[in-house]
Structures are given as C-alpha cells and as structure tokens.
Amino acid sequence: MDQIFVALKHWLLGQLATILPAWLLPVVSALMSIAAIIGVFATLFAIMTILERKGLGRIQNRYGPNRVGPFGFLQPAADGIKAIIKEDVVPRAADKVVHFLAPVVLVIPALLVYSVLPIGRNMVAIDLDAGLLFFFAVGAASELAVFMAGWSSRNKYALLGAMRAVAQMVSYEIPLILSTISVVMITGTLSPVKIVEAQSTHAGLLPDWFVFTPWGFAGFILFMISANAEANRSPFDLPEGESELVAGYFTEYSGFKFALFFLAEYLGLFAVSGLGITLFLGGWNSPFAALDFVPSWAWFFAKLLGLIVLFIWTRGTLPRLRVDQLMNFAWKFMIPMVLINLVAAAAWHYVGGGFARWFVSGAIVLGSYLLLGRGLFHGKGITKRTYRYAE
Amino acid sequence: MSAIAEMPPKKFELLPKESGDGELLEVAMGPHHPSTHGVFRMDVALDGEHVVKLKPVFGYLHRNHEKIAEGTTYLSSMPYTDRLDYFCSLTNNWAYALAVEKLAGLQVPERAEFIRAVTAELTRLQNHACLIGFLTQDMGASGTPLMYAFREREKILDLFESLTGARMMCNYMRFGGCRCDLPDGWLAQAQKVVDETPKFIDEFERLLAENEILMARTQGVGKLSGELAINAGVTGPILRAAGVNYDLRKVDKYGIYERFEFKVPLGDHGDTYDRYMIRVLEMRESVKILQQALKSIPDGPIIDPKAKLRGFRPKVGEAYGRIEAPKGELGFYLISDGGPNPYRYRVRPPSFINLTVLEDMCVGQMIADVVIILGSVDIVLGEVDR
Amino acid sequence: MTPPFAVIAVLTIAAAVAAMTLRNLVHSALAIAVAFIGLAATYLQLNAQFVGLTQILVYVGAVAILIVFAILLTRGGEAPEKSVFSLSWIWGVLVTLAVFATLVWAIKHSFVVERETSVTAPEANVQQIGQALMTRFVLPLEVIGLLLTAALVGAVIIAMKEESVKAKIEDGRSKMDEPANPSSILHPPSSRGGQR
C-alpha cells in the first residue's frame, strides 16, 4: 500500500519500455511525475477553496457555499467554469505582453518547487542534493512575477500592491530561510529526503521530529509565520488588502488569469506548508511506530490538511497588520529570533544528551522570545485603557 | 465607437507631481473603492504610503432631499427621512417629528415618548454594533466580527419589523406621537433581546478589545483634539472620544431622557481606539436605558389628539429640532409660511459635518490608516449627500 | 556543443541583447532577469548545482528586484522618446571589444588550457563547498560577513530619517494651493477632466 504509486509508475514505465525507444523513457518518467504533481495539487487547491469558504463560514456563523452539488462540494468546479468562460479584460494602458506573462511566470515556480518535496517514501520527483536551496531559489522567482503583474497593469493600486508584496516577500524570505538553517545545521544536509530520514526514528513515546525540540519548536513557529507572510495570507495580506488596495497587484486581472493568481497563491501555500512538514514535522513519517502500516503519503497529506486548517483558522480570526508594523515585526522580532534560534540549535548539538541540552536550548529560545516580544511593544504606548464617565 | 473609446490612452505617470523635495502619488480612493462605505471618494496624495493631503469628494448619492421636502407636505417627508441614514431610520423620524412638533406646538403623550426612546436606543445598539463590525472589516478581519454584529442586528431588526412592518425603512413616528401601538408580546420580546445584549457585548470585547493587532492598528491613529472637534462642529461619539462632554440626551433632555439614569463615557486620546471603545461603552449605557424604559412603559394614547394627519398646516414660524442620533447631532430646521409644505427644510447631518475633520485626522498617517479612520468616523452616504 | 547548451546559450544571449536594446527600462530589467536565469541554467548544465541555484536565488530573487525597484523609484519607468542608438555607441563597442579581446587572450594563455582535459570533472557537492567555506575559507567568509553587516547598518542609518515625512507634509501644505475643482487635488484640472 505504501509504495502503490511508486509501483504503479514502475509498472507503467516497464510496459512503455517495450514500445518506446530507450532515450524517451526518462522524459516519459518525468512527465508522469509532473502530471501527478499538477493533478494532485490542483485537486487539493479545489478542495482547499471549498474548505476555506466553508470553514470561514462556520467561524462567522454562516453556512458557506451549499448550493452546488452535495453540501456545495462542486462549488470549485462551478467557479472554475466561471473563471474560464469569463471575459478577459486587459486595461487599455496595460503593457500587454508583461500583463499576459505575469500569471504564467507566477504559476511556473509555484509548480516547480514541488519537484523536491518528498510526499511519501521514495516519492519525490527529483532527489536533489541541494533540494532546499532549489526550493528557495525557484520560489524567489515569484517575486518578479508579482512585480510584473503590478507594474504592467498601470494601475496605482496594483503598483502599490506590488511594491508592498515585493517588500514583504523579500523581508520575510530572510526569516523563512534562516529558520530552516537550524535544521540544516543539525542534519548536515540540504536534501529534503535526507532531512526526513533523519526524523524517522522514535525516542520513547515521541517521534524524533524536530518540532519536539526547543529550537525546532521555535523554528517551526517562526517558519509558519514567515510562510504565512510569504503566501500573503491574513494577517499579512497587505499586498492584496481589500479595504486599502482593492485587490493589490492583481486588481486588473479577470477571468482565468485571476484564477491563475489564486492557484499560484494556494500552490505556494501548500508548497511552503509541505516544506514545513518536511523540515519540522517529520515529513511522511508516522507519529507512532504502531501506526507505520498507514501509507507514508497519507501521513504527509494528513499533516498538510492540519496546517491548512491552521491557516484558515488564522484567517478567520485576526485583523491585518499595517505596513510599518509588518516590517517592524520582520526586522525587530523575526530576524533576531531566527538568529538566536541558530544559537539554540548549536547549543542543542554541543551540550550533549539528556536534560542539560533541553534546559540550555530552551532557556535561550524562551529568554529571547520574552525579551524581543517585550521590545516589540515597548515605547509605543500601546496599552489597555480605562475610560472615565461624565456625570 | 463611443467617445470614451476614442480618447487616446492616458500616459501612465507613476509619480505625477513633486512637492518640496519628494515626489507624490495621487490616488483616487473611491467612488468604487471597497471600503469607502458607499459612493464616497477621497483624493489622497501619498508620499510613499504616508498621506500628505486628502480631499473628501461627495455628492455621488445626492438626491435633492431638501428641495423635494420643500415641495411636498410635512407628512410626506416622513418616509423620505428614512433614507437619510438608512441604518437608523427611527432616529431620523424622531428628529424630524421633533422639529415639526416644535413648529406646530404638539404635545407627545408619555407612552409615545417611551416608545420613541426605546426604538432610538435599539437603533443606537445596532448601529454601533455594525459600525464596530465594519471597522474591523476595514482592518482586514475577513468579516468575522461583522457577522457577529449582524447576528445581533438581526434580532433588533426583527423587533422593528414586528413594530413597524419594515426592517430598515420604518416610517414609524408621526407628529405628536407614533403611527401604531406596540403589538402584543412586543415588550417581552424586546426585553429578551435587551437581556441578551450584554452577553454579546462582552463576547465582542473579549474577541476584540485586547487584541494586540487591533490595539496596534488603532491606538494613536487618527488623533482628533477636542478643540478642533468643537471648532469643526463635530458631534456624537467622535466628539466624546476627543474628551468633550456633549451628549444631547443630557444637554437638551429631549423626550424623557432626564428620567433615565445613564452616564456619558469620554475618551482621553481622541484616537481611533477611543472612538471604538466609546461606542462599546455607549452600547452598555443604551442597554441600561432600555432596561429602565422597558420596565416602566405606561399605558395611554400614543398620539396627541390635536395632531391631524390630513390638512396639516403649522402656523408661520421656524423651529429647529435636534436629537442625539447614533452618529451625532441630527437636526432638522424648518421654516413654515403657513402653507401645507415647509418653506425651508434643512437637515443638519452628523455624518457630513463629522467628515470635515477627516483630512486633519488622516494627514501624516498611512494609507491603511485612512481606511480605518474613515471607518471610525461612521458615515452613511445617504446622509452625507442627501 | 550539445543541444541543451545551444538552446540555453541562444536564450541567454538573446535576453542580454534585448536588455541592451529595449527602450522601456522595466522591460530591459525583465530581460536581464531572463539572462540571469539562462546563466544559472548553464551552471546547472555543468553540474554545478550550488552555484546555479545560488545564481537564481541571488540574481533573480534579489538583484533583479533591486534593479526594478531602483528604476521605479528614480524615473517612473517610461520609455524614452528617441532611439537608444547614438554615436556614443561606437565608443561602447570599442571598449567592449577591448575587454573581450583581453579575456580571450587571458584564457588562451592560461595554464588551465595546457592541462589534461580528459580527467573526470571534480565532483563538488554542497557538503564539500560548505566544509571548504567553514575551514579553508573561513576568514574571507567572516570578512565578507562583516562588510555586509556594515553595509546593512549604513543603509539603515541612511534610511532613518524620521522627520522627513512631517517636514514634507508641512512643505506640501504650504506649496499646494486650494484647487477650484476637486477632481484633482494636486494640479488644476485639465481640459478633459479627471486626472492627468
């Protein structure tokens, strides 16, 4: 059961080997992986849209979409059809070529990053030695696409949105990458597959996932916050902040191009969540040895679903930050915190086994959190207030 | 090809104009911007994301309200006042009725005064709840508090529906009293709603008041000094958030408000957070008033027997009736020449006058703050543009 | 010359030429980003994973964005009216040719050329690069780190001008007159109305 998809692919390739010339087989193999990734994650995108709208609806005391199909679960299909048949409006003043290219350029890196994510045992499209680096390098290209979208629309809201988005993505990329460095330090590899393997053992009751260490826990939280900001989701959704910038950098997009922006955004979210699972939550490993009979890919998607629910919950609960607060948070809290987290990880490695390393590493993380957290609000005069009454 | 299509494409200017040593970006927020609470427009000059200049532009919803009212009878204007601040039609009714009653010298029976006070305070409750919902929506809270506020508003609108037959356009008050008496069981229903409200306010406050993001977004943002507020004629919760003790329910003691025990909350900073909290506290005071009023409604007629609906011609003179509407001082100024319709009919809309300080509150803030400052001013375009 | 290399090389050179000749500055910046990607692809094709990926991360993710921001914040990104070809091109071409000739000469006379080329290419994986950086080249690495930190602090100090916004507001208020028509608040309305 665990290797069912791997076996299926091998069987298919074996069948094709009899018909096709040998040099074509690697191409076919790659195409099969690509088709699987696009199919699975595009479906997940559809599920996520309906799940998000339903979940938000429940948080807000309403039903959410429930008209199309049973319980409204065919809503994504209806939305997709609508997006395709809708008129594609391009502003007269827009830079047509760049305007057209932007969504395409945005989706390509969003799909490319999946090639290094191990979504199950032996289930990774390419096992790159520098997989983690590949992930971030390709992901960085999406900033350019966002800029292209905002600039080519010739719309002031779009331009402001693009400037915000790029500034935000550049700022939060630093804590995002640095928070993964602690894992790289401990495992000594940049390959996602090897990082997952490093977490496959069990120590007592808990599995050896990095989230169950002081530095790993802090790193996971920091990673998820940065991931939230990278994916432009609430409370960091300023680039598309509806109440301020209408729709940010994709204000002037309609029809299927708009749907592509949506797709890219959610694909990016899944990818970065998948990376978080790989780095901190043990990848496709099961939490208990007794549960090893469940296929590895099932664990990966279960964890992914858990993180998605977390994202939906956050979105339904928190208001949005302001630009300067966002930057303050990145530069005055996140970045010092990830740097200190590196020290905590080093302490974990060098202090040696047992209680001592828990204490030292935990103390570093907790102490810096308290200090930095206090510094964030210090001197701003932001307090709870009491009010007086006139007689 | 239409005339618009023939126009050459405008040249795109990123930074159109220089001012001093920096370059400014001019953005027209509205009239089709998602968070201008209607068809309102703000022309904003931005330095980066900081507002250097802001100009409110209104009139997109102008309906010639005052001139139409001058051309029709006194009573026919009553349903038209519903459309001023369509969130609070009952207080609009009351302010207009008050002006006409002053003009014609009508006496309102005690029962009608109680009903008016109850409906006005219910209106205030739902207006403030929704305002807080919209404000957090402007802050990007994806609608959760707004939906909670709407749940509460729904109960109050149900009350209005069973009382007046309409949920929003109530058209309930008449000169010298009210249109119809309370239906059976209405008081018990209202009592139930009022009893549940403190729980809702507590829930709201637990959810929002101490949220770090909300505090960081609103505290110190959009400060308005009491002095400027007085000079600009600002009224309502905005004025009280600036620390000025001015509530017409206490100052004028119109209706029967002197019989109720309630306090006027005041803010010390005059920023957006104060404006938000003042509304929460006012909701609590409204609940107090409602509790007192619902328990002591007397029996009796609901309209002055002298008042006549047909052939109503007040004597020559002028009158100004004003009340503390949820958004501020709502006044109607009427001049009668003895005819069936007013010679001059003038509305003093609180939203419109409160908007005049918008630029002073916004300059120096960031563009994201402009949206929440506008949200905290609490405008309804039906009233601003009339 | 293998087919993949040919494709990458043509793409890279075409993008570089486009970056030079396109009139719109933002287009040029985007073209140069394509050239950077092409360069990275060349590295990857040579099995230099780390260098190739770092090339994308640094040049596409940071340098291209920096160029684009610089264009936006300085000149508004509109295309110049006149052609980009001018007499000064001749000098540019001469300088380019000189540099190219020097490089060719240097490579031709390099001792690397004389070495045996048939030996297998050295396998350099990420771990080896990391180890080299942390042992043999640790001092240069630290010096570069210090330099970058200093640059960062310098940038922060330059950017920290708190009063500038307030001053600008005061300045702007005194300089801008009240407009007759509110359709534009910064300059008098044009004959066509609306914003220019």
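**Entry 1: charges**

Lys and Arg count as positive and Asp and Glu as negative, while His and the chain ends are left out. With that settled, I looked up the charges of chain A, bearing in mind that this is a predicted model. Chain A carries 28 positive and 22 negative side chains. The centres of these two sets lie 7 Å apart. I then did the lookup for chain B, where I found 46 positive and 53 negative charges. Their mean positions are 6 Å apart.

**Entry 2: chain A as a whole**

I noted 13 helices and 3 strands in chain A. The radius of gyration is 23 Å, close to the 21 Å that the globule rule gives for 391 residues, so chain A is as compact as a globular protein of that length. Along the principal axes, the C-alpha trace of chain A spans about 90 × 65 × 40 Å.

I looked up burial next: 54% of the 391 residues in chain A are buried. For contacts with a separation of 6 or more, I found that 75% in chain A join residues 24 or more positions apart. The accessible surface of chain A is about 16900 Å², and 72% of that belongs to carbon and sulfur atoms.

**Entry 3: helix H5 of chain A**

I picked out helix H5 of chain A, residues 131-152. Its 22 residues reach 33 Å from the first C-alpha to the last, close to the 32 Å expected at 1.5 Å a residue. Is H5(A) enclosed or exposed? I found that 21 of its 22 residues are buried, so H5(A) is largely enclosed by the rest of the structure. After H5(A) comes Arg154(A), with a positive phi near 55 degrees. I wrote a reminder beside this: most residues other than glycine have a negative phi.

**Entry 4: chain B as a whole**

Chain B has 16 helices and 10 strands. Its radius of gyration is 22 Å, close to the 21 Å that the globule rule gives for 386 residues, so chain B is as compact as a globular protein of that length. The C-alpha atoms of chain B fill a box of roughly 70 × 50 × 45 Å along the principal axes.

I read that 62% of the 386 residues of chain B count as buried. Of the contacts in chain B with a separation of 6 or more, 71% are between residues 24 or more positions apart. The exposed area of chain B is about 13500 Å², with 53% supplied by carbon and sulfur atoms.

**Entry 5: three residues of chain B**

I looked up Lys253(B), which is not a glycine and yet has a positive phi, near 50 degrees. Lys253(B) sits in the loop between helix H11 (248-251) and strand S7 (264-266) of chain B. Its relative accessible area is 41%, so I entered Lys253(B) as partly exposed.

Asp378(B) also has a positive phi, near 70 degrees. I placed Asp378(B) in the loop between helix H15 (367-377) and helix H16 (381-385) of chain B. Is Asp378(B) buried or exposed? Its relative accessibility is 5%, so Asp378(B) counts as buried.

Gln191(B) belongs to helix H7 (residues 186-208) of chain B. Buried means under 20% relative accessible area, and Gln191(B) is at 18%, so it counts as buried. Leaving out residues up to four places away in sequence, I found Gln191(B) touching Gln291(B), Leu294(B) and Lys295(B).

**Entry 6: chain C**

Chain C has 8 helices and 0 strands. I found 21% of its 196 residues buried. Contacts between residues 24 or more positions apart make up 49% of those in chain C with a separation of 6 or more. Chain C exposes about 14100 Å², of which carbon and sulfur atoms supply 71%.

I then went through helix H2 of chain C, residues 25-45. Its 21 residues reach 30 Å from first C-alpha to last, close to the 30 Å expected. The buried residues of H2(C) include Ala29(C), Ala33(C) and Phe36(C). Just after H2(C), Asn47(C) has a positive phi of about 70 degrees.

**Entry 7: Ala64(C)**

Ala64(C) is in helix H3 (residues 49-75) of chain C. I found Ala64(C) buried, with a relative accessible area of 1%. Which residues does Ala64(C) touch, not counting those up to four places away in sequence? I listed Leu144(A), Ala33(C) and Tyr59(C). I also checked Ala29(C), which is 35 residues from Ala64(C) in sequence and 6.7 Å away in space, C-alpha to C-alpha.

Notes:
Residues numbered from 1 in each chain as written. Chains lettered and ligands numbered in written order. Predicted model: local features only at pLDDT ≥ 70, side-chain atom pairs only at ≥ 80, totals over all residues. Heavy atoms only, no water. Helix = DSSP H or I, 4+ residues; strand = E, 2+ residues; numbered from the N terminus. Buried < 20%, exposed > 50% of the residue type's maximum accessible area, 1.4 Å probe, protein only. Rg over C-alpha atoms; globule rule 2.2 N^0.38 Å. Contact = heavy atoms within 4.5 Å. Areas by Shrake-Rupley, 256 points an atom, 1.4 Å probe, with all protein chains shown as cover. Charge placed at Lys NZ, Arg CZ, Asp CG, Glu CD. Expected span 1.5 Å × (residues − 1).
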